Amino acid sequence: MRAKLDIEAEVAAFSDLSREELAAQWEKIYRCSPPKGVRRELLTRAAAWHLQAKRLGGFSTETRRLLKSAIERVEKKIADRDSQANVVVDDIKVTIAPKRKHVLPGARLVRDWNGKTHIVDVIEDGFVFEAKVYPSLSSIARKITGAHWSGPRFFGL
């Protein structure tokens with residue numbers, strides 16, 4: 001009972017932390033900066049969940065097994081879809097977005113970011129940005145933004 005009260009008090013204390021302190025907690029937990037623009041509420045919840053999982057053990061083995069099984073069934077259904085659709089698996093409604101398209105060599109990707117236009121050319125072995133070859137779009141998105149982004153998402157693919 002005492003341990004539960006201690007955890008509740010520590011979780012409640014997260015609401016007194018500044019956004020910068022919560023971001024530092026995120027970096028300590030996930031070993032990367034939080035995404036730009038992430039709300040304070042998510043930082044607080046992430047810190048609280050991590051504290052509780054650390055003290056109480058996180059998801060049980062059975063819960064992890066059920067989550068993995070549900071994800072596999074959803075992924076199987078996703079593989080058969082080309083357009084957005086709603087799928088229900090184990091009474092959980094999941095919205096499936098269309099599969100991302102592969103970009104063929106010769107394509108040019110253009111993205112405006114903070115008032116500057118960035119152009120990426122797709123080649124056989126990667127992507128050309130500012131006269132340098134990159135292995136992934138994510139590495140280019142990181143260079144442009146200074147934060148970890150999904151490259152395909154950043155470029156709207």
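**Close-up views of a predicted model**

**View 1. Tyr30 and Arg31, at the end of a helix and just beyond.** Tyr30 counts as partly exposed, because its relative accessibility is 38%, a value that falls between the 20% and 50% limits. This model is a predicted one, so please keep that in mind for every view here. Tyr30 has its place in helix α2, which spans residues 19-30. Look across to Ala46: it is 16 residues from Tyr30 in sequence, and the two C-alpha atoms are 9.8 Å apart in space. Arg31 sits in the loop between α2 and α3, the latter covering residues 40-56. With a relative accessible area of 78%, Arg31 is exposed. The backbone of Arg31 deserves a glance too, as its phi is positive, about 60°, although Arg31 is not a glycine. For background, most residues other than glycine have a negative phi.

**View 2. The whole chain, for orientation.** How many helices and strands does the chain have? There are six of each. Following the sequence, you will meet them in the pattern α-α-α-α-β-β-β-β-β-β-α-α. The chain has 157 residues, and 26% of them are buried. Its exposed surface comes to about 11600 Å², with carbon and sulfur atoms supplying 53% of that area. Take the contacts between residues at least 6 apart in sequence: 22% of them join residues at least 24 apart.

**View 3. The four-stranded sheet.** Here you can trace an open sheet in the order β3-β4-β5-β6, with antiparallel pairing. Which strands stand at the edges? They are β3 and β6; each has a single partner strand, so one side of each is left without a neighbour in the sheet. From one strand to the next, the twist averages 30°. As a reminder, strands of a sheet pair through backbone hydrogen bonds.

**View 4. The hairpin of β3 and β4.** These two strands pair in the antiparallel sense over six bridges. Asp112 is a good place to start, as it stands opposite Thr117 in β4. Trp113 has Lys116 of β4 as its bridge partner. Two residues lie between the strands of this hairpin, where Asn114 takes a positive phi near 50°.

**View 5. From β4 to β5 and onward.** A second hairpin joins β4 to β5, again through two residues. The strands β4 and β5 pair in the antiparallel sense over four bridges. Ile123 has its bridge partner in β5, namely Gly126. Further along, Glu130 is found in the loop between β5 and β6. Glu130 has a positive phi of about 50°, although it is not a glycine.

**View 6. His118 in strand β4.** His118 lies in β4, the strand made of residues 116-123. Is His118 buried or exposed? Its relative accessibility is 7%, so His118 counts as buried, the limit for that class being under 20%. Setting aside residues up to four places away in sequence, His118 touches Leu109, Val110, Arg111, Trp113, Phe129 and Ile144.

**View 7. The largest nonpolar core.** This core holds 13 residues, and those touching the most other members are Val120, Leu137, Ile140, Ile144 and Phe155. At least two residues each come from β3 (108-113), β4, β5 (126-129) and α5 (137-145). The largest share, four residues, is provided by α5. Apart from this core lies another one, of nine residues, including Val38, Leu43, Ala47 and Leu51. Val120 makes a handy centre for the view of the largest core: beyond its neighbours within four places in sequence, Val120 is in contact with Ala107, Arg108, Leu109, Phe127, Val128, Phe129, Leu137, Ile140 and Phe155.

**View 8. Helix α5 across the sheet.** Helix α5 lies across β3, β4, β5 and β6, and runs at about 25° to β5. It is mostly covered, with seven of its nine residues buried. Which residues of α5 are buried? They are Leu137, Ser138, Ser139, Ile140, Ala141, Ile144 and Thr145. These buried residues pack against β3, β4, β5, β6 (132-134) and α6 (151-154). Just after α5 comes Gly146, with a positive phi near 80°.

How values were computed: Residues are numbered from 1 along each chain as its sequence is written. This is a predicted model: local features need pLDDT of at least 70, side-chain atom pairs count only at pLDDT 80 or more; totals for chains, interfaces and linings use all residues. Side-chain values use heavy atoms; hydrogens and water are left out. Buried means under 20% relative accessible area, exposed over 50%, partly exposed in between (1.4 Å probe, protein chains only). Contact means heavy atoms within 4.5 Å. A nonpolar core is a set of buried Ala, Val, Leu, Ile, Met, Phe, Trp, Tyr and Cys residues joined through side-chain atoms within 4.5 Å. Accessible areas come from the Shrake-Rupley method with a 1.4 Å probe; for residues, only the protein chains shown count as cover. Two strands pair if DSSP finds at least two bridges between them. Axes are lines fitted to C-alpha atoms, for helices over the stretch in contact, and angles run from 0 to 180 degrees between N-to-C directions.
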